[in-house]
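Subject: Structure handover and notes

Dear colleague,

Here is the structure I promised to pass on to you. Please open it beside this message, since the notes below are meant to be read with it in view.

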Amino acid sequence: MEVRAKKALGQHFLKDMDIAARIADSLEFTDGQRHNLIEVGPGTGVLTQFLYRRNDVALKLAEIDSESVEYLRLNYPELGENLIFGDFLKMDLDALFSGEEFCVIGNFPYNISSQIFFKILDYRRSVPQVVGMIQKEVAERLASPPGSKVYGILSVLLQAWYEIEYLFTVPEHVFLPPPKVKSAVIRLKRNSRTSLGCDEELFRKVVKACFNQRRKTIRNSIRAVVPQLPKEADHPLLSMRPEQLGVEEFVELTNAVAEWNNF
């Protein structure tokens, strides 16, 4: 059977086997153990076939397209119950993996790639590694350091918990249908941080508030979370713009905001 790529699902099927093998090989395990792994949106199984051959992963697949699920069941019957027909964004991943750690990989649909990373953040204590192919400009944003024009909300939130590597660029012509933009593969590896050292929910609010008005100084944009900024509030970060702040500076700013809100 033939699977049609559906625009509504953001599907662009990878057809280059060398690139698929390279993506699969980007998962790095050095402990000799077998690791839980979920592939998001396997489509026609181009990447799946290389993942399934690895002896160091226990593979599950999450696919929302019924046509793709039917194709995979016909061509990869050995996947059995590990092929799950459902929406990755709505899955209870702790229940799926019985509370064990799991890694995430996939050719992520462009239209939900940011949502996938926000979900990974929700499960960060259980996800030691992620390999994803996404739109090139999004990959550059996630991996960019402070000071870059493309540095943004997800850059900060992900870099708080992960080391992010931009691995390689993928051209348009290796997909069917070809997208209008280039793609890129990135790898996230969980860092050693166990705590931010501030209120994590407030940290997210502060980061979002600052970048939602990224052309303004922090003193102006922070009013979204500190409606009544005390007149005596004086902090060197207030005169800066959000793209100038790294994770540690945002932690410092969050703690300051917590104090100002208690005035």
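What follows is an account of the salt bridges, a helix pair, the nonpolar cores and two individual residues.

Please keep in mind throughout that this is a predicted model.

Salt bridges

Side chains of opposite charge can pair when their charged atoms come close. In this model there are ten salt bridges, and I describe three of them here. The first joins K189 and E28, whose side chains meet with a distance of 2.7 Å from N to O. This pair links distant parts of the chain, since K189 belongs to strand β9 (residues 183-190) while E28 sits in the loop between α1 (17-25) and β2 (35-40), 161 residues apart. K189 is partly exposed, at a relative accessible area of 26%, and E28 is likewise classed as partly exposed, at 38%. Both residues also belong to a network of salt bridges that links E28, E165, R187 and K189.

A second salt bridge is formed by R204 and D122, with 3.4 Å between the closest N and O atoms. Here too the pair links distant parts of the chain, with R204 in helix α8 (residues 200-212) and D122 in helix α5 (residues 113-122), 82 residues apart. D122 has a relative accessible area of 53% and is therefore exposed, the cut-off being over 50%.

The third salt bridge, between E140 and K136, has its closest N and O atoms 2.5 Å apart, and in this case both residues lie in helix α6 (residues 136-143), four residues apart, or about one turn of the helix. E140 is partly exposed at 31% relative accessible area, and K136 is partly exposed at 24%.

Packing of α8 and α10

How do α8 and helix α10 (residues 247-260) pack, at what angle and with what distance between their axes? The angle is about 105° and the axes are 9 Å apart, so the two helices are roughly perpendicular to each other. On the α8 side the contact is made by L202, F203, V206, V207, C210 and F211, and on the α10 side by V247, F250, V251, L253, T254, V257 and A258. Sorted by class, these are twelve nonpolar residues, one polar residue and no charged ones.

Nonpolar cores

In soluble globular proteins, nonpolar side chains tend to be buried together. The largest nonpolar core in this model has 59 residues, and those with the most contacts inside it are V104, F117, F203, I222, F250 and L253. Apart from residues up to four places away in sequence, V104 touches L37, I38, V40, F88, I120, V127, Q129, V130 and V131. There is also a second, separate core of 30 residues, which includes I23, L27, L72 and F168.

Two individual residues

L157 lies in helix α7 (residues 153-159) and is buried, with a relative accessible area of 3%. Neighbours within four places in sequence aside, L157 is in contact with F118, L121, F203, R204 and V207.

T44 is found in the loop between β2 and α2 (48-52), and at 18% relative accessibility T44 counts as buried because the cut-off is under 20%. Beyond its neighbours within four places in sequence, T44 is in contact with V3, F13, Y71, L72 and Y76.

With best wishes

How values were computed
Residues numbered from 1 in each chain as written. Predicted model: local features only at pLDDT ≥ 70, side-chain atom pairs only at ≥ 80, totals over all residues. Heavy atoms only, no water. Salt bridge = Lys/Arg side-chain N within 4 Å of Asp/Glu carboxyl O. Buried < 20%, exposed > 50% of the residue type's maximum accessible area, 1.4 Å probe, protein only. Axes fitted to C-alpha atoms, helices over the stretch in contact; angles between N-to-C directions. Parallel < 35°, antiparallel > 145°, perpendicular 65-115°, else oblique. Contact = heavy atoms within 4.5 Å. Nonpolar A, V, L, I, M, F, W, Y, C, P; charged D, E, K, R; others polar. Core = buried A, V, L, I, M, F, W, Y, C linked by side-chain atoms within 4.5 Å.
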